Amino acid sequence: NVTQVAAYVVDEENEEEMKGIVDSANAWCKRKMTAEGMAKDMMLQLEKYEAAFNDYMYANNMHNGFMSTLIPADVVEDLVEY
């Protein structure tokens, strides 16, 4: 349960283990979270948001034909190489 996990994490007897976990996570982030990877992820998240927004607009009959895209393809391609 969450209370037991929180108690374990803040227990001073487990401090070295918790520091090791944090250090390991930080090292993983430094290896995996590159500027290029974060830019690609950001663009993918924006594309998902756009699709959800468009679905909402159409489902609620709130579109007027002007919402073809929030992020033009040429802008995405200029920002991030696939």
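Start by selecting Val10, which is exposed, with a relative accessible area of 64%. Keep in mind as you go that this is a predicted model.

**Stop 1: helix α1**

Val10 belongs to helix α1. Widen the selection to Val5, Tyr8, Val9 and Val10: together they make a nonpolar surface patch with about 370 Å² of accessible area. Now colour the whole helix by accessibility. How many of the 9 residues of α1 are buried? The number is 0, so α1 lies largely in the open. Before leaving, zoom in on the start of α1, where a side-chain oxygen of Asn1 comes within 2.7 Å of the backbone nitrogen of Thr3.

**Stop 2: the loop after α1**

Next, select Asn14, in the loop between α1 (2–10) and α2 (15–32). Is Asn14 buried or exposed? Its relative accessible area is 12%, so Asn14 is buried, the cut-off for that class being under 20%. Show the backbone of Tyr8 as well: its oxygen is 2.8 Å from a polar atom of the Asn14 side chain. Tyr8 is also one of the residues of the nonpolar patch you have just visited.

**Stop 3: two salt bridges**

The count of salt bridges here is 2. For one of them, select Glu15 and Lys19, whose side chains meet at 3.2 Å, N to O. Both residues sit in helix α2, 4 residues apart, or about one turn of the helix. Glu15 is partly exposed at 38% relative accessible area, and Lys19 is partly exposed at 43%.

Then move to Glu36 and Lys40, where the side chains also form a salt bridge (3.2 Å, N to O). These two are separated by about one helical turn, because they are 4 residues apart in helix α3. Glu36 counts as exposed at 52% relative accessibility, whereas Lys40, at 29%, is partly exposed.

**Stop 4: a ring pair in α3**

Stay in helix α3 and select Tyr49 and Phe53, which lie 4 residues apart, about one turn of the helix. The count of aromatic pairs is 1. In this pair, the ring centres of Tyr49 and Phe53 are 6.0 Å apart and the planes are at 20 degrees, so the rings are stacked; planes under 30 degrees apart fall in that class. Phe53 is partly exposed, with 25% relative accessibility.

**Stop 5: the loop after α3**

Finish at Met62, in the loop between α3 (35–59) and α4 (73–79). Met62 is partly exposed, at 40% relative accessible area. Which residues does Met62 contact, leaving aside its neighbours within four places in sequence? Select Tyr56 and Met57 to see them.

Terms used. Residues are numbered from 1 along each chain as its sequence is written. This is a predicted model: local features need pLDDT of at least 70, side-chain atom pairs count only at pLDDT 80 or more; totals for chains, interfaces and linings use all residues. Side-chain values use heavy atoms; hydrogens and water are left out. Buried means under 20% relative accessible area, exposed over 50%, partly exposed in between (1.4 Å probe, protein chains only). A polar contact is a pair of N or O atoms within 3.5 Å; within protein, one must be able to donate a hydrogen and the other to accept it, and residues adjacent in sequence count only if both atoms are side-chain atoms. Contact means heavy atoms within 4.5 Å. Rings of Phe, Tyr and Trp (its six-membered ring) pair if their centres lie within 6.5 Å; planes under 30 degrees apart count as stacked, over 60 as edge-to-face and the rest as tilted. Patches are made of residues with over 30% relative accessible area and no salt bridge: like charges are joined within 9 Å, nonpolar side chains (Val, Leu, Ile, Met, Phe, Trp, Tyr) within 5 Å. Accessible areas come from the Shrake-Rupley method with a 1.4 Å probe; for residues, only the protein chains shown count as cover. A salt bridge is a side-chain nitrogen of Lys or Arg within 4 Å of a carboxyl oxygen of Asp or Glu.
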